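I keep these notes as I go through the structure, one topic at a time. Each entry records what I looked up and what I found.

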Amino acid sequence: MSSSPEAVLVVSIADREGSRLLLEAPLGSLSDEPRVIGDERDGFEGRLRCRTVDDDGLEIEVEVTRTAPAATEAAIRLGVRLGAASDPWLLIPGVLYGENRPAGSTLPYPAWRLAPDPDDPWASDRWIVRADRAATPMALASDGRTTVALATREAGELGLHGLEVAATRDATEVAVWAPFREWPLRYDGSPRPQPAVAALHAWQPRETRTVHARAYAGPPDRYAFVPILRALDAWLAPYRGADGGADSEASAWATLDGAAALAAEGLCRWHWRPAHEVLLETAAFERGPGDPPPGEVPGDRVAMHVGWLSGAPTAAALLAHGRRTGHREAVEVGERVIDGICRNLAPAGTFWGQWTAAAGWTKGWTPGEDRLHARTLA
């Protein structure tokens, strides 16, 4: 496949009749000078303002005015487009990771596919979700040569936002919708696909609304999101999803006690393996309803680090939570994991570094037959 063209910023208006382009310009060509976009003949005219932030980021402000004399219903789409990719990578944190559902799986949840099966309602080459469903309101995509990300606040002047990722045979894209969309279906965690949603704003003549976003471009590796998320943390922290006001205090949808209860439930249900008295580092999402089946499923990492992921730190936290709340199972699991670690000591008298189903209690990844990984144990 030919080399990727430069990332292109695309601004459009979508209504019940279709989509009208207001701007299409290389991301690198945008400057701090305000730029008029659109045409009165389209019924909308806008002004684009950009400025560089976070070294590699671009803050984007799109101000759109309804210029036609009649009211209408429409949404604003702000997107960044790359070239097509044979092996793209897509990410909406907490919602969609890469292909998302492994090939061959028949469980009902969203899957990205370059060539979707028309008989599978859960397979699509394009997904749009409501921003408040994401762990961070960001859409990221890589075409194998460049990674682009577009982030926004959960809500703005037009209400809740939407996040889009797509990798088709023609392009790799990310976008922000104002107001939101959910397409090709709405996923609510149940096995039944819910109807797609396309929220539209009722525009009045001469009404003006503004959408804010941040765009980033970086290398193609899978960890390109790390510095982006760090930069976004500072930008998003002062804002609340409800109104996006700069003077609002940051808020979380879950209380501390509620989040602890959810974590304890997940550890006891999905990560605890009583036969080995361990907490798995990773338990695969793809299990279906109910408790995990006997044995493991693809995607489980059947291993436990003693003093890092899972292991003693997680067991100690689970034990403390169980004692504080009267959660008997959490107390039992925490105690058994810690006791198991203490019963299985290395010949040197210290703890082992790791347990795996294949090798049992062992040293971990440190080279050499007689070495332990001190950082893990610390």
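In which hand of crossing does α2 pass α3? I looked this up first, keeping in mind that the model is predicted. The crossing in which α2 passes α3 is left-handed.

**Entry: the helix pair**

I then took the geometry of the two helices, and found that α2 (residues 256–271) packs against α3 (residues 311–325) at an angle of about 120 degrees, with the axes 11 Å apart. Because angles of 65 to 115 degrees count as roughly perpendicular and those over 145 as roughly antiparallel, α2 is oblique to α3. Going down to residues, I noted that α2 brings A260, A261, A264, L267 and C268 to the contact, where they meet T314, L318, H321 and R324 of α3. Sorted by class, the residues in this contact of α2 with α3 are six nonpolar, two polar and one charged.

**Entry: strand β1 and its partners**

I asked next how many residues of β1 (residues 8–15) are buried. The count is eight of its eight residues, and I wrote the strand down as mostly covered. I also checked the side-chain directions: V8, V10, S12 and A14 point one way from β1, while L9, V11, I13 and D15 point the other way, and I found both sets buried.

For the pairing, I found that β1 is joined to β6 (residues 72–82) by eight bridges, the two strands running antiparallel, and that V11 stands opposite L78 of β6. Eight bridges also join β1 to β2 (residues 18–26), again in antiparallel fashion, and here L9 has A25 of β2 opposite. The connection from β1 to β2 is a hairpin through two residues.

**Entry: an open sheet of three strands**

Further along the chain I looked at an open sheet, in which three strands follow the order β24-β25-β26 with antiparallel pairing. Its edge strands are β24 (303–305) and β26 (360–362), each of which pairs on one side only. From one strand to the next the twist averages 15 degrees. Looking closer at β25 (residues 354–356), I counted three bridges to β26, antiparallel, and I noted T356 opposite G360 of β26.

**Entry: cis peptide bonds**

I looked up the omega angles at two prolines. The bond that joins A178 and P179 is cis, with omega about -5 degrees, and P179 belongs to the loop between β17 (172–178) and β18 (181–182). The bond from W183 to P184 is cis as well, with omega near 5 degrees, and P184 sits in the loop between β18 and β19 (197–198).

**Entry: positive phi outside glycine**

Which loop holds R206? I placed R206 between β20 (201–203) and β21 (208–218), and its phi is near 70 degrees, a positive value in a residue other than glycine. I then looked up E277, which is not a glycine either and has a positive phi of about 55 degrees; E277 lies in the loop between β22 (272–273) and β23 (278–279).

Are these two residues, R206 and E277, buried or exposed? For R206 the relative accessible area is 55%, so I entered this residue as exposed, the cut-off for that being over 50%. For E277 the relative accessible area is 18%, so I entered E277 as buried, since buried means under 20%.

Definitions and conventions. Residues numbered from 1 in each chain as written. Predicted model: local features only at pLDDT ≥ 70, side-chain atom pairs only at ≥ 80, totals over all residues. Heavy atoms only, no water. Pairing = 2+ DSSP bridges. Helix = DSSP H or I, 4+ residues; strand = E, 2+ residues; numbered from the N terminus. Axes fitted to C-alpha atoms, helices over the stretch in contact; angles between N-to-C directions. Buried < 20%, exposed > 50% of the residue type's maximum accessible area, 1.4 Å probe, protein only. Parallel < 35°, antiparallel > 145°, perpendicular 65-115°, else oblique. Left-handed = near helix turned anticlockwise from the far one by under 90°. Contact = heavy atoms within 4.5 Å. Nonpolar A, V, L, I, M, F, W, Y, C, P; charged D, E, K, R; others polar.
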